[in-house]
Amino acid sequence: MLHLVVRRLVLLTVTTAASLAVPVAAHAEAPGVVSPRVLMSQVVTMTNQQRWANGCRRLLAVDRELTVASVRQSFYMARTGRFSHVWSDGTTFVRRSHLAGYEQPAGENIAWGYRTASEVIRAWMASPRHRANMLNCGAHSIGTGVVYATNGVPYYTQVFGWD
């Protein structure tokens, strides 16, 4: 079941992530709720905007494997309520990326509770370690994941890659 959820989210993301910012109201599933695929696309767009504004002249390309790793991380946090880069079994973003087929992950950002992509991007940019991941001009790829917990709280993940 998890595999099917991840696959569906990845396929939706890969087909829409190349687009620029998408109007939220046009894609809301319910009043005040933005679909995960829209948030994921917006996070990629806004991350690239921040990179460009801060001197990174190479935009991040959306990578399917990093997206799988990101969605799995967000799903894990939403399902368990554990907000951590490390799963209870010790699995890290490096291992999750490798399991998804990506060999050279560069970093991971996680967040929860932010209702919009703008809010989560502002929070990451205000945090030195998260900002460093986003503005690492050596990273060339990105995957994003957004999953809502049963209580409606969104969990976000970005995984960056060297390739």
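Buried means a relative accessible area under 20%, exposed means over 50%, and partly exposed lies in between, with a 1.4 Å probe and protein chains only. The model is predicted, so local features need pLDDT of at least 70 and side-chain atom pairs count only at pLDDT 80 or more, while totals for chains, interfaces and linings use all residues. Residues are numbered from 1 along each chain as its sequence is written, and side-chain values use heavy atoms, with hydrogens and water left out.

**Exercise 1.** Find the partner of Glu108 in a salt bridge, and state whether each of the two residues is buried or exposed.

Solution.
- Step 1. A salt bridge is a side-chain nitrogen of Lys or Arg within 4 Å of a carboxyl oxygen of Asp or Glu. By this rule the count is one.
- Step 2. The partner of Glu108 is Arg96, with the closest N and O atoms 3.0 Å apart.
- Step 3. Helices (H or I, at least four residues) and strands (E, at least two) are DSSP runs, numbered from the N terminus. Glu108 belongs to strand E4 (residues 105-112) and Arg96 to helix H4 (residues 93-100), so the pair ties together parts twelve residues apart in sequence.
- Step 4. Glu108 has a relative accessible area of 5% and is therefore buried. Arg96, at 3%, is buried too.

**Exercise 2.** Describe how helix H2 and helix H5 cross.

Solution.
- Step 1. Axes are lines fitted to C-alpha atoms, for helices over the stretch in contact, and angles run from 0 to 180 degrees between N-to-C directions. The axes of H2 (residues 36-53) and H5 (residues 117-126) come within 9 Å and cross at roughly 40°.
- Step 2. Angles under 35 degrees count as roughly parallel, over 145 as roughly antiparallel, 65 to 115 as roughly perpendicular and the rest as oblique. H2 and H5 are therefore oblique to each other.
- Step 3. Contact means heavy atoms within 4.5 Å. The residues that make it include Leu39, Val43 and Thr47 of H2, and Ile121 and Trp124 of H5.

**Exercise 3.** State whether Thr47 is buried or exposed, and which residues it contacts beyond its neighbours within four places in sequence.

Solution.
- Step 1. Thr47 lies in helix H2.
- Step 2. Its relative accessibility is 0%, so Thr47 counts as buried.
- Step 3. With neighbours within four places in sequence left aside, Thr47 is in contact with Leu60, Ile121, Met134, Ile142, Gln158 and Phe160.
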